[in-house]
Amino acid sequence: MAYVDGFVLAVPRDRIEDYRALAATAAAVWKEHGALAVVECVGDDVPVGELTSFPRAVQLAEGEVVVFSWIVHPSRAERDRINAAVMADERISRDFAALPFDAKRMIYGGFDVLLEV
């Protein structure tokens, strides 16, 4: 069964094209190393909840938009192998200051697929 890495982050609206370029490069690298799919979504209808919500989770600031993305892997073991290969790939920047978003507010995790239709 597939394994999914999920991400939620806040991107300044005026840096969304920078993020798109970074995401396109990263997606190509992940796919090259074996990921099945990479999906990047920009928030369109993402209300602030009273207690919890995507905007609250990433401490969304004025002028930012929520980005929700995921990477599909064949399995957890393959995800671990793929991520190690991606992190060793020189096309992936380790310069967090150069990212078009605040990486400290990014939420991420790995998930076993419960149902796929």
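## Exercises on salt bridges and ring pairs

At a relative accessible area of 39%, Asp18 is partly exposed (buried is under 20%, exposed over 50%, partly exposed in between; 1.4 Å probe, protein chains only). The model is predicted, so local features need pLDDT of at least 70 and side-chain atom pairs pLDDT 80 or more, while totals for chains, interfaces and linings use all residues. Residues are numbered from 1 along each chain as its sequence is written, and side-chain values use heavy atoms, without hydrogens and water.

**Exercise 1.** Identify the salt-bridge partner of Asp18 and state its exposure.

*Solution.* Step 1: Asp18 pairs with Arg15 in a salt bridge, the closest N and O atoms being 2.6 Å apart (Lys or Arg side-chain nitrogen within 4 Å of an Asp or Glu carboxyl oxygen). Step 2: Arg15, at 30% relative accessibility, is partly exposed.

**Exercise 2.** Describe the salt bridge between Arg79 and Asp5 and the parts that it ties together.

*Solution.* Step 1: the whole structure holds ten salt bridges. Step 2: in the one between Arg79 and Asp5, the closest N and O atoms are 3.0 Å apart. Step 3: because Arg79 belongs to helix α3 (residues 76-88) and Asp5 to strand β1 (residues 3-12), the pair ties together parts 74 residues apart in sequence (DSSP runs numbered from the N terminus: helices H or I, at least four residues; strands E, at least two). Step 4: both Arg79 and Asp5 are buried.

**Exercise 3.** Assign the exposure of each partner in the salt bridge of Asp89 and Arg91, then name the members of the salt-bridge network.

*Solution.* Step 1: the side chains of Asp89 and Arg91 meet at 2.7 Å, N to O. Step 2: Asp89 is buried at 11%, whereas Arg91 is partly exposed at 42%. Step 3: salt bridges with shared partners join Asp5, Arg76, Arg79 and Asp80 into one network.

**Exercise 4.** Classify the ring pairs Tyr19–Phe101 and Phe54–Phe68.

*Solution.* Step 1: three aromatic pairs are found in the whole structure (Phe, Tyr or six-membered Trp ring centres within 6.5 Å; planes under 30 degrees apart stacked, over 60 edge-to-face, the rest tilted). Step 2: Tyr19 and Phe101 are edge-to-face, at 5.8 Å centre to centre and 75° between the planes. Step 3: Tyr19 lies in helix α1 and Phe101 in the loop between α3 and β4, so this pair ties together parts 82 residues apart in sequence. Step 4: Tyr19 is buried at 8%, and Phe101 is buried at 12%. Step 5: Phe54 and Phe68, with ring centres 5.7 Å apart and planes at 40°, form a tilted pair. Step 6: Phe54 is partly exposed at 40%, as is Phe68 at 36%. Step 7: ring pairs link Phe54, Phe68 and Trp70 into a cluster.
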